[in-house]
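Colleague: I am new to this one. Please show it to me, and let me ask why things are called what they are called.

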Amino acid sequence: MSVIVFVEHDEGRIKKSSREAVCYASAIDAGDVIALVCGNAEPKEMELLGQNGADRVLHATESRLDHGDIQAYASVISQAMDNENADIVILAKSSVSDAVAARTAIKSNASFATNVTELPNTSDGFMVKRSIFTGNAFAWVKLLKAKKIIGISKNAVAYKEEGGSAEVSDFSPVLNESDFNSTVTGRDKATGVVLLPEAEIIVSGGRGLKGPENWGMIEDLAEALGAATGCSKPVSDLEWRPHREHVGQTGVKVSPNLYIAVGISGAIQHLAGVNSSKVIVVINKDPEAPFFNAADYGVVGDAFEVVPKLTDAVKAMRD
Amino acid sequence: MKILVCITHVPDTTSRIAFTDGDTKFDTNGVQYIIGPYEDYAIARAIELKESHGAAVTVVNVGGAETEPTIRKALAIGADDAIRINADPEDSFFVATQIANVAKDGDYDLILMGRESIDFNGGVVHGMVGELLGIPSVSPVMKLDIDGNVSKIAREIEGGKEFIELKMPFVAGCQEPIAEWKIPNMRGIMTARSKPLNVVDPVDSEHPDKLVKFELPPPKGTIKMIDPGQMDELVSLLKNEAKVL
Ligand SMILES: Cc1cc2nc3c(=O)[nH]c(=O)nc-3n(C[C@H](O)[C@H](O)[C@H](O)COP(=O)(O)OP(=O)(O)OC[C@H]3O[C@@H](n4cnc5c(N)ncnc54)[C@H](O)[C@@H]3O)c2cc1C
């Protein structure tokens, strides 16, 4: 028996969330942990998956797999399941993970669950806890089939790095023309910034900041904290900030250790995307702002005065 | 061109989330239902494509008779006709099976839906429908244009977007800013009443999973207020008490 982890990388570097998925597979304790990597990943990075608990790494080297074609990934995973006699597949949340899980589940006749937030409960069958209503509730779901595909959320398991390196072997699944349907014509991707889904700290700004020209102080605070920047929906709708920063029910769902909300009222749709943050700090000039009901620490004050002071205090602490 | 738009009938985003029957049923008391916000984007884009390229737009929903007002709203926005598959949308595999069954004989060039429903947030139905029909699926789609039989798409990737080209037919899970939400006008509401809404029976489908119970998150603890002049204190609390710095 073995557990396969679908490991994603960003230009060769293994994603932290995928390392977490390897930790999850190792904690399930249901057989050998096999990390499956597609495309052009750095060899050293793949070996280091051993530290997260991978027993082996399968590397599907086919260059067409560098591009995130959902169908091709599903083909690779279901062939690896057959070859390795694997009953369980783990995927970390990403822009393709849910769709890959869906197609793999059909190909391999498996039960599946996405947005799983904890290790499974196997005392009576195989039960997983998944987040529903955009973080406002959970559902315990029993996966009935022998094969199971599990998509996990950030922080579903304690992260660990120990042990040695894993052996990498090449894997050559049979891929058809029909597995590759799309042609990539371009990319528009932020470089050199902390991305929201992986961020441990997020500084987020709302319409209370009045205009895009005032984001300098948000960026300064984020830089002092090593944080990613986010925003509310109207802010991205007004194009003050790029869409990728839009946090909430209809945007990115985040679960950082620390979420700092500046000039955001705390509408229920915004809260839905941040309610699994560990600690929330709210800075708002209106003491009645609903966000205070969801916060751990609150500051009633003018963002234009409070934020620069906070940045100075962070810098003083870091020195 | 023929477009199928799959819509959910979900609690309004401001609904109070609570459960009954020993935490096994969603408490529908006082809950207003809407077209899921992601499907609202899908339908808006379908109507734009209908206006710019000419298309017949059909909406489909898996649900009981109570979902008909939601379906009528989609017709009021501009869809031409609707199909209601008369069954509880018990799990995503069941829903995908029903949609694929309706779609397989429909000759649709495009099957649009939301990237995920806002109640169960599975994010899997587009992929499953694509796999069941043996056609490609893309999600989350932020832009979708048509040029002959090729579609030009921007899909979200971590930290940005990727531009791809794909031949029709395919399934797309939509999100903003693919289009702006459309609000039905009076004429739309009037004509929606007489547009065809066909009710069909579901096909047999297995259930690969079983819901055991729901659970609410633990209530949030009390908030600590900090004086705006005391940012050193806030930093010290974040470092020493919350231990997040
Ligand atoms: C279906 C649906 C989905 C939605 N999805 C999302 C979503 O995913 N994400 C999202 O964010 N929203 C979403 N919304 C919109 C949401 O309802 C709110 O309209 C939005 O979150 C408000 O953004 P805001 O807090 O930035 O602006 P506002 O509500 O205008 O709040 C601005 C806040 O700034 C404060 N402020 C003003 N000046 C200052 C100052 N000088 N210093 C400090 N504070 C100040 C004000 O007191 C106020 O609380 C959705 C809405 C719907 C209907």
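Modeller: Start with a term: a salt bridge is a side-chain nitrogen of Lys or Arg within 4 Å of a carboxyl oxygen of Asp or Glu. The structure holds 40 salt bridges over all chains. This is a predicted model, where local features need pLDDT of at least 70, side-chain atom pairs count only at pLDDT 80 or more, and totals for chains, interfaces and linings use all residues. Residues are numbered from 1 along each chain as its sequence is written, chains are lettered from A and ligands numbered from 1 in the order in which they are written, and side-chain values use heavy atoms, with hydrogens and water left out.

Colleague: What makes A:Lys233 and B:Glu176 a salt bridge?

Modeller: Their side chains meet at 2.8 Å, N to O. The limit is 4 Å, so the pair counts. The bridge crosses between chains, from helix α6 of chain A to a loop of chain B between β12 (170-174) and α5 (186-192). Helices (H or I, at least four residues) and strands (E, at least two) are DSSP runs, numbered from the N terminus.

Colleague: Why is B:Glu176 called buried?

Modeller: Buried means under 20% relative accessible area, exposed over 50%, partly exposed in between (1.4 Å probe, protein chains only). B:Glu176 has 3%, so the residue is buried.

Colleague: How do you know which class B:Lys25 and B:Asp21 belong to?

Modeller: B:Asp21 has 51% relative accessibility, so that residue counts as exposed. B:Lys25 has 47%, so partly exposed is the word there. Their side chains meet in a salt bridge at 3.9 Å, N to O.

Colleague: Why does the bridge between B:Arg45 and B:Asp145 tie together parts far apart in sequence?

Modeller: B:Arg45 lies in helix α1 (residues 37-53) and B:Asp145 in strand β9 (residues 137-147), both of chain B, so the joined parts are 100 residues apart in sequence. The N to O distance is 2.9 Å. B:Arg45 is buried at 10%, and B:Asp145 is partly exposed at 30%. Both belong to a network of salt bridges that includes B:Glu48, B:Lys143 and B:Lys182.

Colleague: What makes A:Ser232 and the ligand a polar contact?

Modeller: A polar contact is a pair of N or O atoms within 3.5 Å; within protein, one must be able to donate a hydrogen and the other to accept it, and residues adjacent in sequence count only if both atoms are side-chain atoms. A polar side-chain atom of A:Ser232 lies 2.6 Å from a ligand oxygen atom. That is within the limit, so the pair qualifies. The ligand itself lies between chains A and B.

Methods
A residue is near a molecule or strand if one of its heavy atoms lies within 4 Å of it.
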